[in-house]
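Q: Take a close look at the nonpolar interior of this model, please. Which residues does it gather, and how do the helices that feed it pack?

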Amino acid sequence: MLNEAYRSYVNDYPKYFKMDGLCKLGFLASELMIQQLEENRALPREDRAIILFNRSGSFDADKQFQSTISDTNNFYPSPSVFVYTLPNIIAGEIAIRNKYLGETSFYVLDKYMEKTVQKIIHATFMDEVTKSMLTGWVDYYDAHQFEAKMKLLTI
């Protein structure tokens with residue numbers, strides 16, 4: 001489903017097909033939102049941060065990586081899977097695509113906790129440079145269980 005949506009709405013970022021499910025989900029959600037803003041992507045944005053949250057971290061990629069090292073007779077750690085065993089990769093991919101040079105962070109929480117999320121968002125805006133933020137909940141447990149809610153906040 002994500003690949004179909006990518007082909008229909010984005011289809012101009014070849015690195016997409018190297019991404020894990022979490023990264024694809026967050027990248028696609030950010031693309032759909034940013035397209036609505038009609039911003040000039042050619043200009044770097046030092047004032048835009050990316051702050052994302054989820055519950056499962058990079059669980060799907062972690063499972064895939066574990067499968068490449070579990071069999072002692074066929075032990076082959078996969079570098080292409082390993083790179084996605086950090087959930088913050090999604091923030092980096094979005095930043096690279098859009099030339100966002102501000103803070104990029106990914107927080108793994110036990111569940112969605114509004115007060116905690118708001119404290120982190122508020123703390124990020126206390127920086128003198130940050131004037132806007134792409135933020136949201138991007139959770140990808142597997143190809144059948146995922147959720148993305150993103151928004152752009154400005155001060």
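A: Start with one residue of this predicted model. Leaving aside neighbours within four places in sequence, Met150 is in contact with Gly26, Ala29, Ser30 and Met33. The list of its contacts also holds Leu52, Ile94, Leu134, Thr135, Gly136 and Val138.

Met150 belongs to the largest nonpolar core, which has 29 residues. Along with Ile50, Leu52 and Ile94, Met150 is among those with the most contacts inside this core. Several elements feed the core. Helices H1 (2-9), H2 (21-37) and H5 (89-98) each supply at least two residues. So much is also true of strands E1 (48-54) and E3 (132-142). H2 gives the most, with eight residues. Another core lies apart from this one. That core has ten residues, including Phe53, Leu109, Ile120 and Met133.

Now the helix pair. H1 and H2 pack with their axes 10 Å apart, at an angle of about 30 degrees. H1 is therefore roughly parallel to H2, since angles under 35 degrees count as such. The crossing of H1 past H2 is left-handed.

Next, the residues that meet. H1 brings Leu2, Asn3, Ala5, Tyr6 and Tyr9. H2 answers with Gly21, Lys24, Leu25, Phe27, Leu28, Leu32 and Gln35. By class, the residues of this contact are eight nonpolar, three polar and one charged.

Terms used: Residues numbered from 1 in each chain as written. Predicted model: local features only at pLDDT ≥ 70, side-chain atom pairs only at ≥ 80, totals over all residues. Heavy atoms only, no water. Core = buried A, V, L, I, M, F, W, Y, C linked by side-chain atoms within 4.5 Å. Buried < 20%, exposed > 50% of the residue type's maximum accessible area, 1.4 Å probe, protein only. Helix = DSSP H or I, 4+ residues; strand = E, 2+ residues; numbered from the N terminus. Contact = heavy atoms within 4.5 Å. Axes fitted to C-alpha atoms, helices over the stretch in contact; angles between N-to-C directions. Parallel < 35°, antiparallel > 145°, perpendicular 65-115°, else oblique. Left-handed = near helix turned anticlockwise from the far one by under 90°. Nonpolar A, V, L, I, M, F, W, Y, C, P; charged D, E, K, R; others polar.
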